[in-house]
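Trainee: I should be grateful for a close look at one loop residue, followed by an account of the elements around it and of the rest of the fold.

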Amino acid sequence: MGWDSYRNKYFFGYHLYTFVAADSPYDLPLYPRLQRASRHDATSWVVSAREFVERFRDYTWDKAILDAAHDALPIYEYLHSRSIKPFIDLNLRSTGSKGVQKGDITFSPTGIPFCKKGLEMKDRGYDSTRGRRKYYCPLVVKGVVTCDTPCSDSPYGRCVHTYTKHNPRLFPPVARNSNEWVNVYKRRTTCERSNKRVKEDYRLEAAKHRSTMMWTVRIYGIAMCQHMDAWYKRAI
């Protein structure tokens, strides 16, 4: 049994979980998979990712764009171990989204450190060779600290480094408040358009199959049609 949030009711059987090429102008499916209705999307992603990597060893991907249902630390750790940049929306209901304290520095739920005055520190950029991001005093103006109670003797002000390996969920390589994050995450709508093609245009749920095998055949047939549509559009 699983919960259908769109119809607001329980259902028995399977749900469709698909990897989609987010950089495709045609919203093409890569790996459709029937997952048990009882499986959460995060678990479905882990199962699909493991199978996908094993079956398509030559396929490479450098970004994963996922919604808040996939906001789980093990997924971040897996992606980090494979040098894949995570673009995962935060689940604000999660207990891990309340911010953290490290020494005398407090971090926001999105991983930005606050200075002792409660101001967000300024992002100095990400050092990919060391896997860390540098923040500096928000009250430094043209190289001069303007704070009346500076927390460092340095003329540059206090600096804080955050390391991705310490918490890949809170300190991803691409900051969630950056333009790069916004521009990449917008591509997540690719999967919504792909699902619309499958469920509405090709009427996936109009079938009355009882066999999981027949549902799988239908799903892959629809995926093939999506690819043929792309070939046709590219040809004209």
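Does Asp27 count as buried or exposed, and at what relative accessibility?

Mentor: Asp27 counts as buried, because its relative accessibility is 12%; buried means under 20% relative accessible area, exposed over 50% and partly exposed in between, with a 1.4 Å probe and protein chains only. The model is predicted, so local features need pLDDT of at least 70 and side-chain atom pairs count only at pLDDT 80 or more, whereas totals for chains, interfaces and linings use all residues. Residues are numbered from 1 along each chain as its sequence is written, and side-chain values use heavy atoms, with hydrogens and water left out.

Asp27 lies in the loop between E3 and E4; helices (H or I, at least four residues) and strands (E, at least two) are DSSP runs, numbered from the N terminus. Its phi is near 55°, a positive value in a residue other than glycine. Arg203, in the loop between H4 and H5, also has a positive phi, of about 50°, although it is not a glycine. At 55% relative accessibility, however, Arg203 counts as exposed.

Both strands that flank the Asp27 loop, E3 and E4 (29-36), help to cover the buried residues of H5, as does helix H4 (189-201). Those buried residues of H5 are Ile219, Ile222, Ala223, Gln226 and Ala230. Helix H5 (residues 212-235) has 24 residues and, at 1.5 Å a residue, should span 34 Å; its end C-alpha atoms lie 35 Å apart, which agrees. The expected span is 1.5 Å times one less than the number of residues.

Strand E3 (14-20) also supplies at least two residues of the largest nonpolar core, as do helix H1 (41-55), strand E5 (63-66) and helix H2 (73-81). This core has 15 residues, and Tyr17, Phe19, Trp45, Leu66, Ile75, Leu79 and Ile88 are those with the most contacts inside it. A nonpolar core is a set of buried Ala, Val, Leu, Ile, Met, Phe, Trp, Tyr and Cys residues joined through side-chain atoms within 4.5 Å. H1 gives the largest share, four residues. Apart from this core lies another, of nine residues, among them Ile105, Phe107, Tyr135 and Val160.

Leu79 touches Trp45, Trp61, Ala64, Ile84, Pro86 and Ile88, not counting residues up to four places away in sequence; contact means heavy atoms within 4.5 Å. Ile88, in E6, is in turn the bridge partner of Leu66. E5 and strand E6 (residues 85-88) pair in the parallel sense over four bridges, pairing being assigned if DSSP finds at least two bridges between two strands. From E5 the chain crosses through H2 to E6, and this β-α-β crossover is right-handed: with the strands pointing away from the viewer, the path from the first strand over the helix to the second runs clockwise.

Elsewhere, three strands form an open antiparallel sheet in the order E7-E8-E9. Strand E7 (100-102) and strand E9 (113-114) are its edges, each pairing on one side only. Strand E8 (residues 105-107) pairs with E9 over two bridges, and Phe114 in E9 is the bridge partner of Thr106.
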